[in-house]
Amino acid sequence: MQNQISIGDILDQHGDRYINENRISGQQKGLIHLLSACRTNGLGSHFERCDHCSYTGKSYDSCRNRHCPACQQKDKLEWLYKRMKELIPVGYYHLVFTLPHELNPMCLQNKKVMYGLLFKAASQTLIELSKDPKHLGADIGLIVSTRPIPSIRPIHLCIALPQKHYG
Ligand SMILES: [Zn+2]
């Protein structure tokens with residue numbers, strides 16, 4: 001794991017050039033600098049000591065930013081593990097519900113309302129269609145997820161829908 005290239009390494013090497021060659025916001029510049037400094041001397045360090053084996057070692061401080069892949073890895077894996085425990089042993093369809101890109105600014109200003117509406121519209125559509133005997137005639141379960149609001153990509157939901165009845 002020590003020799004793997006991280007996002008921080010890439011931003012450290014190329015971040016300033018990217019900033020100089022592209023029009024990005026002050027917030028984005030700050031994020032590039034923060035992520036490139038994560039787990040380096042740039043954010044400081046501390047010493048750790050294991051209570052069980054008395055190992056001691058220097059550890060660099062992390063940025064804990066929600067955009068940092070290194071800092072969010074643990075949370076991501078925990079979320080993924082919880083979702084995997086919810087899955088039933090059948091195949092799944094991957095469905096995507098996408099909002100028109102023109103609605104991104106409205107979503108940025110009203111995240112809670114807009115995402116709430118999107119989650120509700122997508123899940124109710126699938127539940128209603130599945131209950132209809134002309135289609136499936138069954139109650140369904142589904143897992144709905146999304147990513148933080150992207151600045152240039154359309155906002156979308158990803159839905160895992162079981163392919164079969166189970167139980
Ligand atoms: Zn970080």
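This report describes two domains of a predicted model, first the helices and hairpin, then the sheet and the helix packed on it.

**Basis of the description**

Residues are numbered from 1 along each chain as its sequence is written. The model is predicted, and local features need pLDDT of at least 70, side-chain atom pairs count only at pLDDT 80 or more, while totals for chains, interfaces and linings use all residues.

**Division into domains**

The protein is divided into domain 1 (7-70) and domain 2 (88-162), with bounds that come from an automatic or database domain assignment. The centres of domain 1 and domain 2, taken over C-alpha atoms, are separated by 33 Å. A single pair of residues can also be given: the C-alpha atoms of L31 and G141, which stand 110 residues apart along the chain, are separated by 38 Å.

**The helix pair**

Helices (H or I, at least four residues) and strands (E, at least two) are DSSP runs, numbered from the N terminus. Two packed helices are described by the angle between their axes and the distance between the axes. For helix 1 (residues 7-21) and helix 2 (residues 26-37), the axes come within 8 Å and cross at roughly 145°; axes are lines fitted to C-alpha atoms, for helices over the stretch in contact, and angles run from 0 to 180 degrees between N-to-C directions. Helix 1 passes helix 2 in a left-handed crossing, a term used if the near helix is turned anticlockwise from the far one by less than a right angle.

On the side of helix 1 the contact involves I7, G8, L11, D12, G15 and I19, and these meet K29, I32, H33, L35 and S36 in helix 2, where contact requires that the C-beta atoms of two residues, placed from the backbone, lie within 7 Å. The residues of this contact divide into five nonpolar, four polar and two charged; Ala, Val, Leu, Ile, Met, Phe, Trp, Tyr, Cys and Pro count as nonpolar, Asp, Glu, Lys and Arg as charged, and the others, Gly among them, as polar.

I19, which lies in helix 1, touches I24, K29 and I32 when residues up to four places away in sequence are not counted. I19 and I32 are 13 residues apart in sequence and 8.5 Å apart in space, C-alpha to C-alpha.

**Surroundings of selected residues**

A residue is buried if 20 or more other C-beta atoms lie within 10 Å of its own, exposed if 12 or fewer, and partly exposed in between, with C-beta atoms placed from the backbone. The table applies these classes to four residues.

| Residue | Other C-beta atoms within 10 Å | Class |
|---|---|---|
| I19 | 15 C-beta atoms | partly exposed |
| L31 | 18 C-beta atoms | partly exposed |
| R39 | 18 C-beta atoms | partly exposed |
| S54 | 7 C-beta atoms | exposed |

L31 lies in helix 2, whereas R39 is found in the loop between helix 2 and strand 1 (45-49). Phi of R39 is near 60°, a positive value in a residue other than glycine.

**The hairpin**

Strand 1 and strand 2 (56-60) form a hairpin with six residues between them, and S54 in the turn has a positive phi of about 60°. The two strands run antiparallel and are joined by five bridges, pairing being assigned if DSSP finds at least two bridges between two strands. One of these bridges links R49 with T56 in strand 2. Of the five residues of strand 2, the number buried is zero, so strand 2 lies largely in the open.

**The sheet and its helix**

An open sheet of three strands has the order 3-5-4, with antiparallel pairing. Strand 3 (92-98) and strand 4 (143-145) stand at the edges, and each has a single partner strand, so one side of each is left without a neighbour in the sheet. Neighbouring strands of this sheet are turned by 20° against each other on average, direction ignored.

Strand 3 and strand 5 (residues 156-162) run antiparallel and are joined by seven bridges. T98 stands opposite H156 in strand 5, and Helix 5 (residues 111-131) packs on the sheet, touching strand 3, strand 4 and strand 5, with its direction making about 30° with that of strand 5. The bridge partner of H94 in strand 5 is A160. Strand 3 is hardly covered, as the count of buried residues among its seven residues is zero.
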